[in-house]
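This report walks through one protein model for a reader who has not met it before. The sequence and the structure are shown here, and the description follows them.

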Amino acid sequence: MRIVVSACLLGENCKYNGGNNYSEKVSRFIEGHEVVAVCPEVLGGLPIPREPSEIVNGKVCHKDGSSVDDEFRKGAQLAMKIVTDHRAELVILQSRSPSCGVNSIYDGSFSGKIIPGQGIFAELLKKAGIRFIDIEDL
Ligand code: SF4
(Lines give C-alpha, C1' and ligand atoms only; values in the text may rest on other atoms or scores of the structure.)
Protein backbone atom coordinates (compact mmCIF):
# COMPACT_ATOMS: atom_id res chain seq x y z
CA MET A 1 0.00 0.00 0.00
CA ARG A 2 1.13 3.57 -0.66
CA ILE A 3 0.98 5.56 2.58
CA VAL A 4 1.69 9.19 3.47
CA VAL A 5 2.53 9.92 7.12
CA SER A 6 2.89 13.07 9.22
CA ALA A 7 6.67 13.42 9.27
CA CYS A 8 6.84 13.98 13.03
CA LEU A 9 5.33 10.49 13.59
CA LEU A 10 8.33 9.02 11.78
CA GLY A 11 10.75 10.83 14.09
CA GLU A 12 11.49 13.94 12.03
CA ASN A 13 12.15 16.89 14.30
CA CYS A 14 9.62 19.13 12.55
CA LYS A 15 7.29 19.95 15.44
CA TYR A 16 6.80 23.57 16.48
CA ASN A 17 9.15 22.98 19.43
CA GLY A 18 11.83 21.26 17.37
CA GLY A 19 10.88 17.79 18.61
CA ASN A 20 8.97 14.89 17.10
CA ASN A 21 6.10 12.50 17.85
CA TYR A 22 7.88 9.27 16.93
CA SER A 23 5.42 6.39 17.03
CA GLU A 24 6.49 2.79 17.32
CA LYS A 25 2.93 1.84 16.34
CA VAL A 26 3.28 3.70 13.01
CA SER A 27 6.73 2.24 12.37
CA ARG A 28 5.35 -1.28 12.79
CA PHE A 29 2.26 -0.54 10.68
CA ILE A 30 4.15 0.85 7.68
CA GLU A 31 6.66 -2.00 7.45
CA GLY A 32 6.70 -3.33 3.90
CA HIS A 33 4.65 -0.43 2.49
CA GLU A 34 5.67 2.49 0.24
CA VAL A 35 5.88 5.46 2.58
CA VAL A 36 6.33 9.20 2.10
CA ALA A 37 6.64 11.63 5.02
CA VAL A 38 5.11 15.11 4.84
CA CYS A 39 5.08 18.06 7.22
CA PRO A 40 2.61 20.63 5.86
CA GLU A 41 3.88 23.39 8.14
CA VAL A 42 7.48 23.03 7.00
CA LEU A 43 6.30 22.74 3.37
CA GLY A 44 4.49 26.04 3.91
CA GLY A 45 7.80 27.69 4.75
CA LEU A 46 7.48 27.85 8.53
CA PRO A 47 10.68 27.50 10.55
CA ILE A 48 11.67 24.90 13.15
CA PRO A 49 11.20 25.75 15.95
CA ARG A 50 8.19 28.05 15.50
CA GLU A 51 5.57 29.69 17.66
CA PRO A 52 2.60 27.41 18.41
CA SER A 53 -0.45 28.11 16.25
CA GLU A 54 -4.15 27.46 16.63
CA ILE A 55 -7.19 27.97 14.43
CA VAL A 56 -9.02 31.11 15.56
CA ASN A 57 -12.31 31.86 13.80
CA GLY A 58 -11.23 29.80 10.81
CA LYS A 59 -7.78 31.39 10.46
CA VAL A 60 -4.49 30.00 11.73
CA CYS A 61 -2.75 32.43 14.11
CA HIS A 62 -0.06 32.69 16.73
CA LYS A 63 -1.01 33.58 20.30
CA ASP A 64 -0.22 37.26 19.64
CA GLY A 65 -2.80 37.28 16.83
CA SER A 66 -0.33 37.35 13.95
CA SER A 67 -1.60 35.28 11.04
CA VAL A 68 0.16 32.24 9.62
CA ASP A 69 -2.93 31.23 7.69
CA ASP A 70 -1.29 31.69 4.26
CA GLU A 71 1.67 29.50 5.23
CA PHE A 72 -0.60 26.78 6.64
CA ARG A 73 -2.83 26.75 3.55
CA LYS A 74 0.10 26.79 1.13
CA GLY A 75 1.74 23.93 3.08
CA ALA A 76 -1.49 21.93 3.09
CA GLN A 77 -1.80 22.36 -0.70
CA LEU A 78 1.80 21.23 -1.24
CA ALA A 79 1.26 18.25 1.06
CA MET A 80 -1.89 17.40 -0.93
CA LYS A 81 0.15 17.46 -4.13
CA ILE A 82 2.54 14.92 -2.60
CA VAL A 83 -0.43 12.75 -1.60
CA THR A 84 -1.90 12.81 -5.11
CA ASP A 85 1.47 12.45 -6.92
CA HIS A 86 2.22 9.45 -4.69
CA ARG A 87 -1.32 8.12 -5.32
CA ALA A 88 -1.54 7.47 -1.59
CA GLU A 89 -4.20 5.04 -0.45
CA LEU A 90 -3.95 6.06 3.19
CA VAL A 91 -2.67 9.07 5.13
CA ILE A 92 -1.75 8.67 8.82
CA LEU A 93 -1.87 11.92 10.77
CA GLN A 94 -0.74 13.28 14.11
CA SER A 95 -3.54 14.20 16.54
CA ARG A 96 -4.76 17.69 17.43
CA SER A 97 -2.41 19.61 15.11
CA PRO A 98 -3.84 22.70 13.38
CA SER A 99 -2.55 21.09 10.15
CA CYS A 100 -2.85 17.35 10.72
CA GLY A 101 -5.55 16.95 13.42
CA VAL A 102 -8.29 14.53 12.38
CA ASN A 103 -10.83 14.34 15.21
CA SER A 104 -10.01 17.33 17.37
CA ILE A 105 -7.96 20.52 17.52
CA TYR A 106 -7.13 23.18 20.10
CA ASP A 107 -9.95 25.67 20.47
CA GLY A 108 -8.05 28.85 19.53
CA SER A 109 -7.72 30.15 23.10
CA PHE A 110 -4.15 28.83 23.57
CA SER A 111 -5.27 27.38 26.89
CA GLY A 112 -4.91 23.70 26.00
CA LYS A 113 -8.64 23.23 25.51
CA ILE A 114 -9.61 20.67 22.84
CA ILE A 115 -12.68 20.84 20.62
CA PRO A 116 -13.96 18.63 17.80
CA GLY A 117 -12.49 19.77 14.49
CA GLN A 118 -9.86 19.16 11.85
CA GLY A 119 -6.58 20.69 10.81
CA ILE A 120 -6.13 22.47 7.48
CA PHE A 121 -4.42 19.52 5.75
CA ALA A 122 -6.94 17.01 7.10
CA GLU A 123 -9.77 19.19 5.75
CA LEU A 124 -8.25 19.09 2.26
CA LEU A 125 -7.88 15.31 2.43
CA LYS A 126 -11.51 14.99 3.44
CA LYS A 127 -12.67 17.23 0.57
CA ALA A 128 -10.57 15.18 -1.87
CA GLY A 129 -12.06 11.91 -0.59
CA ILE A 130 -8.68 10.49 0.42
CA ARG A 131 -8.65 7.97 3.25
CA PHE A 132 -6.95 9.33 6.35
CA ILE A 133 -6.70 8.28 9.95
CA ASP A 134 -5.59 9.76 13.25
CA ILE A 135 -2.63 7.99 14.83
CA GLU A 136 -4.77 7.41 17.91
CA ASP A 137 -7.26 5.43 15.78
CA LEU A 138 -4.64 3.35 13.95
S1 SF4 B 1 2.37 19.85 10.71
FE2 SF4 B 1 1.80 17.70 10.94
S3 SF4 B 1 3.68 16.64 10.34
FE4 SF4 B 1 4.28 18.75 10.77
S5 SF4 B 1 4.89 18.70 12.91
FE6 SF4 B 1 2.74 19.30 12.85
S7 SF4 B 1 1.61 17.37 13.14
FE8 SF4 B 1 3.71 16.85 12.55
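In this predicted model, four strands form an open sheet in which the order is E2-E1-E5-E8 and the pairing is parallel. Strand E2, residues 34-38, and strand E8, residues 132-134, stand at the edges with a single partner strand each, so one side of each of these two strands is left without a neighbour in the sheet. On average, and with direction ignored, neighbouring strands of this sheet are turned by 20° against each other.

Strand E1, which covers residues 2-6, is joined to strand E5, residues 90-93, by three bridges, and these two strands run parallel. Helix H3, made of residues 69-85, packs on the sheet and touches E1, E2 and E5, while its direction makes about 175° with that of E2. E1 also pairs with E2, again in the parallel sense, over five bridges. Some of the residue pairs that face each other across these strands are gathered in the table.

| Residue | Partner | Strand of the partner |
|---|---|---|
| Ile3 | Leu90 | E5 |
| Val4 | Val91 | E5 |
| Val5 | Ala37 | E2 |

The connection from E1 to E2 involves a helix as well, since E1, helix H1 (residues 24-30) and E2 together make a right-handed β-α-β unit.

The model also holds a ligand, and the residues that surround the ligand are Ser6, Ala7, Cys8, Cys14, Lys15, Cys39, Pro40, Glu41, Gln94, Ser97, Ser99 and Cys100. Divided by character, the residues of this shell are six nonpolar, four polar and two charged.

A further residue to look at is Val102, which is found in the loop between E5 and strand E6, the latter spanning residues 104-106. Is Val102 buried or exposed? Val102 has 25 other C-beta atoms within 10 Å, and because 20 or more are enough for a residue to count as buried, Val102 is buried. When residues up to four places away in sequence are not counted, Val102 touches Leu93, Ser95, Gln118, Ala122, Phe132, Ile133 and Asp134. Among these contacts, Leu93 belongs to the residue range of E5, and Phe132, Ile133 and Asp134 belong to that of E8. Ser53 lies 49 residues from Val102 along the chain, and the C-alpha atoms of Val102 and Ser53 are separated by 16 Å.

How values were computed:
Residues numbered from 1 in each chain as written. Predicted model: local features only at pLDDT ≥ 70, side-chain atom pairs only at ≥ 80, totals over all residues. Pairing = 2+ DSSP bridges. Axes fitted to C-alpha atoms, helices over the stretch in contact; angles between N-to-C directions. Contact = placed C-beta atoms within 7 Å. Right-handed = clockwise from strand over helix to strand, strands pointing away. Near = placed C-beta within 6 Å. Nonpolar A, V, L, I, M, F, W, Y, C, P; charged D, E, K, R; others polar. Buried ≥ 20, exposed ≤ 12 C-beta atoms within 10 Å, placed from the backbone.
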